[in-house]
Amino acid sequence: MTFDDIFKSSFLENVTSISILDMILALVLAFGVGMFIFFIYKKTYQGVMYSSSFGVTLVALTMITTLVILAVTSNVVLSLGMVGALSIVRFRTAIKEPLDIAFLFWAIAAGIVLAAGLIPLAVFGSVIIGVILLIFANHNDSANPYIVVLRLTGSDAEKSAVEYLTGSTKRCVTKSKTVQKGSVELTLEVRLKDSNTDFVNALADMKGVESAVLVSYNGDYMG
């Protein structure tokens, strides 16, 4: 094989199939959209422990998707091989927050649309999605469930505390009850009438109530 054969290779012919300007422009736009997705994720996160690595993953995923789609659109044969290669990829990381799945699909979709050259759709679509997520994810509703954990000294204190909670909240349901000698621990699900949580202070001051704890509840964790 001579140098002439090397430079005539079809592999090297693909080097110029996408211009340097197109590659730089696509990756810069993907980085910008990815950073916007990262910003929205940071503002709407409602989990227990915030992970900055997932936010960085969203930026990287947007850019990687753009890179892959650029390669696929430049060569039909390559697109078939890429589909076969990606079909064997398996992700084992568990997604704990349902909203995280939406952000992952958002990053992938933004990368695909950018690489397809539909820049206005990627930019304005991302802005609209981000505004909607900011509105709904940060909306605090007083009807959201809360958990009240009470430690009491006897049945009389239990009855008084439950009656007070029933009158101070929209809904009060006993979830669990633990009885030990000299103490009772109650776990109740409540729905607040408004955002005011002063009733917890009144509960703690009641006779026979050793402690009163109020925590938010989303079905997966308490905190």
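Is Arg191 buried, exposed or partly exposed, and what is its relative accessible area? Arg191 is partly exposed, with a relative accessible area of 26%, and the salt-bridge network to which Arg191 belongs is taken up in point 5 of this note on a predicted model.

1. Overall make-up. The chain holds 9 helices and 4 strands, and, read from the N terminus, its elements follow the order α-α-α-α-α-α-α-β-α-β-β-α-β. Of the 223 residues in the chain, 26% are buried. The chain exposes about 14,500 Å², and carbon and sulfur atoms supply 65% of that area. When contacts between residues at least 6 apart in sequence are considered, 69% of them join residues at least 24 apart.

2. Helix 3. This helix covers residues 20–44; it has 25 residues and reaches 36 Å from its first C-alpha to its last, which is close to the 36 Å expected at 1.5 Å a residue. The buried residues of helix 3 are Ala26, Ala30, Val33, Gly34, Ile37, Phe38, Ile40, Tyr41 and Thr44. Leu25, which is also placed in helix 3, is partly exposed, with a relative accessible area of 44%, and Phe36 is likewise partly exposed, at 26%.

3. Aromatic pairs. A search of the whole structure finds 4 aromatic pairs. In one of them, the rings of Phe36 and Trp106 have centres 6.2 Å apart and planes at 85°, so this pair is edge-to-face. Because Phe36 lies in helix 3 and Trp106 in helix 6 (residues 98–115), the pair ties together parts that are 70 residues apart in sequence. Trp106 counts as buried, at 7% relative accessibility, whereas Phe36 is partly exposed. Tyr41 and Phe54 form another aromatic pair, which is tilted, with 5.0 Å centre to centre and 50° between the planes. This second pair links distant parts of the chain, with Tyr41 in helix 3 and Phe54 in helix 4 (residues 52–74), 13 residues apart. Tyr41 is buried, with a relative accessible area of 3%, and Phe54 also counts as buried, at 15% relative accessibility. Ring pairs link Phe36, Tyr41, Phe54, Phe103 and Trp106 into a cluster.

4. Nonpolar surface patch. Leu25, Ile119, Val123, Phe124, Val127, Ile128, Val131, Ile132, Ile135 and Phe136 form a nonpolar patch on the surface, and together they have about 930 Å² of accessible area. Which helix gives the most to the nonpolar patch? Helix 7, made of residues 119–137, gives the most, with 9 residues. Leu25, another member of the patch, is placed in helix 3.

5. Salt bridges around Glu189. The structure holds 5 salt bridges. One of these joins Arg171 to Glu189, with the closest N and O atoms 3.5 Å apart, and this pair links distant parts of the chain, since Arg171 is in strand 2 (residues 169–180) and Glu189 in strand 3 (residues 183–192), 18 residues apart. Arg171 counts as partly exposed, at 42% relative accessibility, whereas Glu189 counts as buried, at 9%. Lys175 also forms a salt bridge with Glu189, in which the closest N and O atoms are 3.2 Å apart. Because Lys175 lies in strand 2 and Glu189 in strand 3, this pair ties together parts that are 14 residues apart in sequence. The side chains of Arg191 and Glu189 meet in a further salt bridge, at 3.4 Å from N to O. Arg171, Lys175, Glu189 and Arg191 are thus linked in a network of salt bridges. With Glu189 at 9% relative accessibility, the acidic partner of these bridges falls under the 20% cut-off for a buried residue, while Arg191, at 26%, is partly exposed.

6. Glu158. The place of Glu158 is in helix 8, which covers residues 155–168. Is Glu158 buried or exposed? At 14% relative accessibility, Glu158 counts as buried, because the cut-off for a buried residue is under 20% relative accessible area. Leaving aside neighbours within four places in sequence, which residues are in contact with Glu158? They are Leu152, Lys177, Val184 and Leu186. Of these contacts, Lys177 falls within the range of strand 2, residues 169–180, and Val184 and Leu186 fall within that of strand 3, residues 183–192.

Terms used
Residues numbered from 1 in each chain as written. Predicted model: local features only at pLDDT ≥ 70, side-chain atom pairs only at ≥ 80, totals over all residues. Heavy atoms only, no water. Helix = DSSP H or I, 4+ residues; strand = E, 2+ residues; numbered from the N terminus. Buried < 20%, exposed > 50% of the residue type's maximum accessible area, 1.4 Å probe, protein only. Contact = heavy atoms within 4.5 Å. Patch = residues over 30% accessible without salt bridge, like charges linked within 9 Å, V, L, I, M, F, W, Y side chains within 5 Å. Areas by Shrake-Rupley, 256 points an atom, 1.4 Å probe, with all protein chains shown as cover. Salt bridge = Lys/Arg side-chain N within 4 Å of Asp/Glu carboxyl O. Phe/Tyr/Trp six-rings, centres within 6.5 Å; stacked < 30°, edge-to-face > 60°. Expected span 1.5 Å × (residues − 1).
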